[in-house]
Amino acid sequence: MMFDLAIKNGLVYKKGEFFKANVYVKDEKISAISSQEFDSKEEYDASGKWVLPGFIDPHVHFHLTVASWTSVDDFYTGSVSAAFGGVTTFIDFIDPVSNLKELDRAFKERMELAKDSVVDYALHSTIANPTDPAEEIAKRSKELGMASIKLFTTYSSTNRRTFDPYIDDLLALSRSMGFVVVVHAENDEIIKRFEGKDVLPKDHSKARPTIAELSEVIKLAQISSYREGQLYIVHTSSGLTAKEVLERFPDALGYTLVLESCPHYFYLDDLYFAKENGQLFLMTPPLRSEEEVELLRENFDAIYTIGTDHCSFKKDEKLSGKYTREIPQGIGGVEFSFVLMYTLFGEEVIDKFTENIAKVYGMYPEKGVIEIGSDADIVIFDPKKEWVIKEHHSASDYNVYEGFEVKGKVISTISRGEFVVKDGEFVGKKGRGKYIKREEIYW
Ligand SMILES: [Zn+2]
């Protein structure tokens, strides 16, 4: 038999271990992992490199319109940037909907935008104070391949908040119906104290304090534990949240509760907001204090997945506002997520970018592992290379991580057996990415 691609002599990652082997690809799938030599149409020498499963970013916002702004990375530029970061699958969100009719429409609209993607993608369903029953929303979301439903516990002023009775309904249904309840958790009552007021970026973390996240997460963790639900908390920003969850719900983690966090909460503290041009760093939930960043690093075990919440804007747009409500929220990061986290924690981050996400979001074992039969999504990674972040491939004109010294570099990215980045050069094609349907998820 003739294989399509052979990745030779690399150190292949599998279940926390590395071993030297050749990986053979046929018809977009991994079809042999062996120390033997087989014939192949194309060969790639990975000597001295790691051969990792393609990374999955479970949280990006490409072409997201909020208020009068639209994030600048569309599905093409965003996915190119992702590919340079070793990301072979990402999950975006449909616009928030409150009933079944809107759900179908929002899905269609997002799919139309997403078809430009270079790598594979999935979508989260997104709801905002729904009027149709939880069971129907969940059923339809699953049929569309979105067995993960995102909601906000805040933003009631713009009618995006979903209230506790509905969340309780969803959590009670989630395990039996096979879907995940994905939550942006901040205590709306606490947030409302400053909502609509003149808040400067330097006060952003005071207006949306740690206790707003902590109190909401603890409450939801309790409900999920009681209902045996499948609860996924996005963008955990506070080290205290991670610590308290680890102490109070040790058995829940990975079963009724998963915490996601993002690289910026491990690298940046709220003093960045106080800098000149602090607007450039603005995102929600906000950056926390230096102590909290330290605490988050110390409680890394509580964090099961890393997403970026990639939502980039241009400098001008960020700098044109003075108060937080006049500034579009969000920063880029999909391209540097893995190397940033690898620099801090080494190889223990790999599962949090691959297998954990695939399992939690219903893409396992097609994605997230190097196994026979899995999609040939592969990253060739140089674990020793030390470098300084400079160029990026996002459509934005700045990068908050510029000048950061990191360790480890993505050399090549392979999506379903095809190079999209090869030895640092983009070789992918617009629109070759495929929609990944996720109809059932059981933790
Ligand atoms: Zn987000």
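What follows is a conversation about strand β13 and its sheet in a predicted model.

Colleague: How do you know which residues and features may be discussed?

Modeller: Residues are numbered from 1 along each chain as its sequence is written. Because the model is predicted, local features need pLDDT of at least 70 and side-chain atom pairs count only at pLDDT 80 or more, while totals for chains, interfaces and linings use all residues.

Colleague: What makes β12 and β13 a pair?

Modeller: Strands are DSSP runs of E with at least two residues, numbered from the N terminus, and two of them pair if DSSP finds at least two bridges between them. Strand β12 (residues 180-184) and strand β13 (residues 231-236) have three bridges in the parallel sense, so they satisfy that definition. Within this pair, V181 stands opposite L231 and V183 opposite I233.

Colleague: How many bridges join β13 to β14?

Modeller: Four bridges join these parallel strands, and L231 stands opposite L257 in β14.

Colleague: Why is β13 called largely enclosed?

Modeller: A residue is buried if 20 or more other C-beta atoms, placed from the backbone, lie within 10 Å of its own, exposed if 12 or fewer, and partly exposed in between. Six of the six residues of β13 are buried, so the strand is largely enclosed by the rest of the structure.

Colleague: What makes β6 and β15 edge strands?

Modeller: The open sheet of eight strands has the order β6-β9-β10-β11-β12-β13-β14-β15, with parallel pairing. Both β6 (55-57) and β15 (303-306) have a single partner strand, so one side of each is left without a neighbour in the sheet.
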